[in-house]
Structure formats: C-alpha cells, structure tokens
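The following exercises are meant to be worked through with the model in view. Try each task before reading its solution.

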Amino acid sequence: MYRQVLCTGFAQGRITALRRLVSEHAAEEGLAGKRLEDFVLAVNEITTNAVLHGGGGGLLRLWRYDDRLWCEVADKGPGLPPGWVGASCTPPGHESRGRGLWLTRLLCDEVTVLSGPGGTSVRFAAREADSEASSEAGSEAGSE
C-alpha cells in the first residue's frame, strides 16, 4: 500500500532542518536505530549532492510502500556528466568527494538514479527494522 509521508523543497542552508524533519517522519514510519541513522545519512548525502551539483536545491519526497520507506531527491541541475558509470566502485581513498551515491548504495536497500539534461532524481529505500529482523530470523530458521 502506498502512502505519501512528506513532500518539501530544500536549498542551501536548509539541509540540517531537512535532516531533522526526515528523521522525525522516518521514525514515525517505523525506522529506528541504525536503520534510521543510515537512512538520514543517505538523505543528507543526496540532498547535499543536489545543492552542490544540481542547481542549489531540489525537491524531497518520502512515501511508504509496503514494508519500506522510500525517498526521492530530485533537482533541476545539468544531470550527471557523460560517461558517468555509477557509484558501484569504492571511491579512491585520497578523494574528498564522490562518496554520496556510493555511500547511499551501501546504506539503503534499493537505489535508482535517473539523470538527464533536465536534472537528476535519486530514489532509495529502507526496510523497517522489524521486517528486516523477521526476514533474517526466517532465513536462519530455514537453514537449520
């Protein structure tokens, strides 16, 4: 079942307030502990990317679909550069940039990036802690 949780614009200087707002809504939707921290960190990374590389701001949407909380961050920047191959490789250790999408892929259950000359949209999801624990318990029970 789909349910809209939050839809708000953001810009430079508003990321801290946005993080707090997302954290409150995500907690209300059942994320807790490390799952909540990871989700909010991913939101921070992707919204910061939108501010720095996507025109200075964007739109953030949160919604619940079944046992997952989804987030989409969309900007109206120039899109990812030609030849961008994704964030599946570990960034070089000496680079201070280029970790946002890579980190989001590590922290979240699903990540989708759509980009073109009209902007970039990043969607990612996190499962509730309880549904993750119950699926792990079920797989452990099946292996005995």
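**Exercise 1. Decide whether Thr 120 is buried or exposed, and describe its surroundings.**

Step 1. Thr 120 has a relative accessibility of 12%, and therefore it counts as buried (buried means under 20% relative accessible area, exposed over 50%, and partly exposed in between, with a 1.4 Å probe and protein chains only). The model is a predicted one, in which local features need pLDDT of at least 70 and side-chain atom pairs count only at pLDDT 80 or more, while totals for chains, interfaces and linings use all residues. Residues are numbered from 1 along each chain as its sequence is written, and side-chain values use heavy atoms, with hydrogens and water left out.

Step 2. Thr 120 belongs to strand E5, which covers residues 119–127 (helices, H or I with at least four residues, and strands, E with at least two, are DSSP runs numbered from the N terminus).

Step 3. Leaving aside residues up to four places away in sequence, Thr 120 touches Val 73, Ala 74, Asp 75, Gly 79, Leu 80, Val 113, Leu 114 and Ser 115 (contact means heavy atoms within 4.5 Å). With one of these residues, Ser 115, the side chain of Thr 120 makes a side-chain polar contact of 2.8 Å (a pair of N or O atoms within 3.5 Å; within protein, one must be able to donate a hydrogen and the other to accept it, and residues adjacent in sequence count only if both atoms are side-chain atoms).

**Exercise 2. Find where Gly 79 lies, and how its C-alpha atom is placed relative to that of Thr 120.**

Step 1. Gly 79 is in the loop that runs between strand E3 (68–74) and helix H3.

Step 2. Although Gly 79 and Thr 120 are 41 residues apart along the chain, their C-alpha atoms are separated by 5.3 Å.

Step 3. The residues touched by Gly 79, again without those up to four places away in sequence, are Ser 115, Gly 116, Gly 119 and Thr 120.

**Exercise 3. Describe how helix H2 packs against H3.**

Step 1. Two packed helices are described by the angle between their axes and by the distance between those axes. For H2 (residues 33–53) and H3 (residues 100–107), the axes come within 9 Å and cross at roughly 155° (axes are lines fitted to C-alpha atoms, for helices over the stretch in contact, and angles run from 0 to 180 degrees between N-to-C directions).

Step 2. H2 and H3 are therefore roughly antiparallel to each other (angles under 35 degrees count as roughly parallel, over 145 as roughly antiparallel, 65 to 115 as roughly perpendicular and the rest as oblique).

Step 3. H2 supplies Arg 35, Asp 38, Leu 41, Ala 42, Glu 45, Ile 46 and Asn 49 to the contact, while H3 supplies Gly 100, Leu 101, Leu 103, Thr 104 and Leu 107. By class, these residues are six nonpolar, three polar and three charged (Ala, Val, Leu, Ile, Met, Phe, Trp, Tyr, Cys and Pro count as nonpolar, Asp, Glu, Lys and Arg as charged, and the others, Gly among them, as polar).

Step 4. Within H3, the residues Gly 100, Leu 101, Trp 102, Thr 104 and Leu 107 are buried, and the buried residues of H3 pack against H2, strand E4 (110–116) and E5.

**Exercise 4. Examine the packing of helix H1 on H2, and the part that Asn 44 has in it.**

Step 1. H1 (residues 15–28) packs with H2 at an angle of about 145°, and their axes are 10 Å apart.

Step 2. Ile 15, Leu 18, Arg 19, Val 22, Ser 23, Ala 26 and Ala 27 of H1 meet Leu 36, Phe 39, Val 40, Val 43, Asn 44, Thr 47, Thr 48 and Val 51 of H2. This contact of H1 with H2 has 10 nonpolar, four polar and one charged residues.

Step 3. Asn 44, placed in helix H2, counts as buried because its relative accessibility is 15%. The side chains of Asn 44 and Arg 19 are joined by a polar contact of 2.6 Å.

**Exercise 5. Which elements make up the protein, and in what order do they run from the N terminus?**

Step 1. The protein has four helices and five strands, and from the N terminus on they run β-α-α-β-β-α-β-β-α.

Step 2. Of the 144 residues in the protein, 39% are buried.
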